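This report describes a metal site, the strands around it and several loop residues. Please consult the sequence and the coordinates alongside the text.

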Amino acid sequence: MPPTPGGHGTLRSMPAQINPSILSADFARLADEAEAVRGADWLHVDVMDNHFVPNLTLGVPVVESLARATDTPLDCHLMIEAPDRWAPQYVEAGAGSVTFHAEAAAAPVRLAREIRAKGARASMALKPATPIEPYEDLLPELDMLLIMTVEPGFGGQAFLDIMLPKIRRTRELIKKHGLELWLQVDGGVSASTIERCADAGADVFVAGSAVYGASDPAEAVRALRTQADAATAKASWSCDH
Ligand code: DX5
Ligand code: ZN
């Protein structure tokens, strides 16, 4: 979208990014499921260890194989304990972005620097009860901040509206510091909630059941992006003033 001339400020030029979560895909057919969402910006890969969250999914070898099987970059969301030890291995496995949880990282600044130094985007996630404010000074170390809009662990849960103020406050911090930080939301994002997220300030949207539960997943991605872009264009945060 080109900048708008005139006195209305400059609209954001970057379209919303839609990242389908393969948690809602068929794990026996991951390469096909990646192909089914061709056109998505990233594939969201939920890594769960049954300790940080009460569910178990996949690890480094599966990420390695998936990275070879698709051209879509991998956005690995690590819902695991000891990410300081494991996160760098996901970069080596081929992830383009690696998200660790603030609640689990022992040394988030060191870890973010290590992820970046190995060549991936560094991202940090906050569970619903974790506030953004204590992390304000860390934001320049990150390429993306993930605000969970459900308790992590399972797909198909209901979106938590009570997270919208945290999304707004985070967007204000990003503006205040003039950062190029992406703001991702994950959990319950669908046609009925994505506009509220975009309006509040999110620009990267994870969607599992809303994409893979659709009869045409690639079309669902396009429809979500259109909705998010329209809501962003109307949002006060997307203008310069
Ligand atoms: C939940 C995961 C999400 C999940 C989202 O802990 O982090 O990525 O797949 O699924 P939906 O979009 O169905 O809520
Ligand atoms: Zn996730």
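## Asn50 and the basis of the model

Where is the place of Asn50? Asn50 belongs to the loop between strand 2 and helix 2, where strands (E, at least two residues) and helices (H or I, at least four) are DSSP runs numbered from the N terminus. The model is predicted: local features need pLDDT of at least 70, side-chain atom pairs count only at pLDDT 80 or more, and totals for chains, interfaces and linings use all residues. Residues are numbered from 1 along each chain as its sequence is written, chains are lettered from A and ligands numbered from 1 in the order in which they are written, and side-chain values use heavy atoms, with hydrogens and water left out.

Asn50 has a relative accessible area of 45% and is therefore partly exposed; the classes are buried under 20%, exposed over 50% and partly exposed in between, with a 1.4 Å probe and protein chains only. Phi of Asn50 is near 65°, a positive value in a residue other than glycine. Between the C-alpha atoms of Asn50 and Gly155 the distance is 15 Å, with 105 residues separating the two in sequence.

## The zinc site

Which residues coordinate the zinc ion (ligand 2)? The donors come from His44 (NE2), Asp46 (OD), His77 (ND1) and Asp186 (OD), at 2.1 to 2.3 Å. A donor is an N, O or S atom within 2.8 Å of the metal (3.2 Å for Na, K and Ca); water is not among the atoms, so sites may look incomplete. Along the sequence, the donor residues follow the spacing H-x1-D-x30-H-x108-D.

The six donor atoms of the zinc ion (ligand 2) form angles of 71 to 172°, and the site is octahedral. For six donors, this class requires opposite donors over 155 degrees apart and all other angles between 65 and 115. Ideal angles for six octahedral donors are 90 or 180 degrees. His44 is buried because its relative accessible area is 0%, and Asp46 is likewise buried, at 5%.

## Contacts with ligand 1

Ligand 1 is surrounded by 20 residues, and the closest are Ser21, Gly153, Asp186, Gly208 and Ser209; a residue is counted here if one of its heavy atoms lies within 4 Å. Two of the zinc donor residues also approach oxygen atoms of ligand 1. A polar side-chain atom of His44 is 3.3 Å from such an oxygen, and a side-chain N or O atom of Asp46 is 2.8 Å from one. From the backbone, a polar atom of Gly153 lies 2.7 Å from an oxygen atom of ligand 1.

## Strand 3 and its neighbours

Why is strand 3 (residues 74-79) described as largely enclosed by the rest of the structure? Six of its six residues are buried, so the description follows. Leu74, Cys76 and Leu78 are buried on one side, and Asp75, His77 and Met79 are buried on the other, which leaves both faces covered. In a regular strand the side chains alternate between the two faces of the sheet.

Strand 2 (residues 43-48) pairs with strand 3 in the parallel sense over six bridges; pairing requires at least two DSSP bridges. Within this pair, Asp46 has His77 as its bridge partner. The connection from strand 2 to strand 3 passes through helix 2 (residues 60-69) as a right-handed β-α-β crossover, the path running clockwise from the first strand over the helix to the second when the strands point away from the viewer. Strand 3 also pairs in the parallel sense with strand 4 (residues 97-101), over three bridges, and Cys76 stands opposite Val98. Helix 3 (residues 83-92) carries the chain from strand 3 to strand 4 in a β-α-β crossover that is right-handed.

## Further loop and strand residues

Ala82 lies in the loop between strand 3 and helix 3. Its phi is positive, about 55°, although Ala82 is not a glycine, and its relative accessible area of 37% makes Ala82 partly exposed.

Asp143 occupies the loop between strand 5 (121-126) and strand 6 (144-148) and is buried, at 15% relative accessible area. Its side chain makes a polar contact with the side chain of Arg116 at 3.0 Å. Such a contact is a pair of N or O atoms within 3.5 Å; within protein, one must be able to donate a hydrogen and the other to accept it, and residues adjacent in sequence count only if both atoms are side-chain atoms.

Terms used:
Four donors count as tetrahedral if all angles lie between 85 and 135 degrees; four count as square planar and six as octahedral if opposite donors are over 155 degrees apart and all others between 65 and 115; anything else is irregular.
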